[in-house]
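Q: Could you give me a close look at the largest pocket, and then work outward from there? Please spell out the cut-offs as you go.

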Amino acid sequence: MNPKAILHMKNGRRIVIELLPNAAPNTVNSFLSMASKGFLDHHAIERIVPGNWIDMSYTAFGHLECQYLIPNEFQLHPDLTPLDSHPGVVAMGGYGEHGIAGCEFFFPLRVCPEHRGIYPVFGTVLEGMDEIRRLETVRTVPIDFPIPGVEVNRPIEPEIIERVELELYGEQYPEPVRMAGDWKPSCWPACQ
C-alpha cells in the first residue's frame, strides 16, 4: 500500500495525497524525510500563480535542514517513465541542471507537458482538490523575487499548513540521495 500524506490546513480543511514511490522513489523519500521531521508544519504557502500552480515553498520551508538538492529522478532511475503533470497530482520543483529541490513541492493547476521528466510527479491528490482550487482564488500580492522572469505572488492573508500527517502502513523509507556540491538558489534564506 502506498504511503499517504495529509496536509492539515489551519482553516480546518485537508489535502490528502497518495505518494507514489514506484514512480519517483527518491523524491518520495525526500518528501517523507522532511515531513516526518516536522519541517513542513506551521508553514504559510509562499507562491500562488493562478492558472499555473501553487508552490508550497520556494525558500526550502525556511529551514537550513531543507536546503538541499536531489538528482533528477529520471537520471537517477533511467528505467522510470515520468508521469504527466496536471491538476490532481503533486510534483517537486527544481533548479534546472542544478537539481531537484529537496522538499519544495507544488500542485499544478493546468496540464504542464513542459514538466515531464524535469519536475517529478510523486503523488496524486485523493482528497482536497476543492481546497487547492480555493487557494488558487485567494487574494495575492506580487513580491520581488531574486530569479528574473519568475512570477511570485503570495497570499495577502496567510494560508498555513498546520501540520503534515503521514501514514506509512508500517513501511520504512530511507533518506534521499542528495546532490553533492554547495550550489544553492538565491531564494533560499541565509544562502548568500
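A: Helix and strand labels here are DSSP runs, numbered from the N terminus: helices are H or I with at least four residues, strands are E with at least two. By that scheme, I118 lies in the loop between β8 and β9. One housekeeping note: this is a predicted model, where local features need pLDDT of at least 70 and side-chain atom pairs count only at pLDDT 80 or more, while totals for chains, interfaces and linings use all residues. Residues are numbered from 1 along each chain as its sequence is written, and side-chain values use heavy atoms, with hydrogens and water left out.

Now the pocket. The largest one has a volume of about 440 Å³. On a 1 Å grid over the protein atoms alone, a pocket is an open set of points where a 1.4 Å probe fits, with protein on both sides within 12 Å along at least five of seven lines. Points are joined across faces, edges and corners, and the volume is the space filled by probe spheres set on them. Lining residues have an atom within 4 Å of a point; there are 21 of them for this pocket, and R47, D55, G94, Y95 and Y119 are the closest to its centre. Three strands each supply at least two residues of the lining: β5 (53-55), β7 (89-94) and β8 (100-108).

β5 and β8 turn up again around helix α3, which spans residues 129-137. E131, I132, L135 and E136 are its buried residues, where buried means under 20% relative accessible area, exposed over 50% and partly exposed in between, using a 1.4 Å probe and protein chains only. Seen down the α3 axis, these buried residues fall within an arc of 150 degrees, so they line one face of the helix; the arc is taken over the directions from the axis to the C-beta atoms. D130 and T137, on the other side of α3, are exposed. The cover over the buried residues includes β1 (4-9), β2 (14-19), β4 (47-49), β5, β8 and β9 (121-127).

Stay with β9 for a moment, since G123 sits in that strand. G123 is buried, at 0% relative accessible area. Leaving aside neighbours within four places in sequence, G123 is in contact (heavy atoms within 4.5 Å) with I17, E18, L19, L20, V89 and V90. A24 is 99 residues away along the chain from G123, yet their C-alpha atoms are separated by 8.7 Å.

Back to I118, in the loop that leads between β8 and β9. I118 is partly exposed, with a relative accessible area of 39%. Beyond four places in sequence, I118 is in contact with N72 and I100. Its C-alpha lies 20 Å from that of L32, which is 86 residues apart from it along the chain.

T81 sits in another loop, between α2 (73-76) and β7. T81 is exposed, at 54% relative accessible area. Outside its neighbours within four places, T81 is in contact with F74 and R116; R116 is 35 residues from T81 in sequence and 9.4 Å from it in space, C-alpha to C-alpha.

Then there's the nonpolar packing. A nonpolar core is a set of buried Ala, Val, Leu, Ile, Met, Phe, Trp, Tyr and Cys residues joined through side-chain atoms within 4.5 Å. The largest has 45 residues, and F31, L40, M56, F105, F107 and F122 touch the most other members. Apart from that core lies another, of 7 residues, with W53, A91, F106 and V121 among them. L40 is in contact with F31, M34, A35, F61, C103, F105, I161 and V164, again leaving aside neighbours within four places in sequence.

One of those partners deserves a backbone check: F61 has a positive phi of about 55 degrees although it is not a glycine. A60 also has a positive phi of about 55 degrees, and it is not a glycine either. A60 is in the loop between β5 and β6 (69-70), and F61 is in the loop between β5 and β6 too. A60 is buried at 0% relative accessibility, and F61 is buried at 3%.

Last stop: S33, in helix α1 (residues 25-36). S33 is buried, with a relative accessible area of 3%, and touches E175 and P176, not counting residues up to four places away in sequence.
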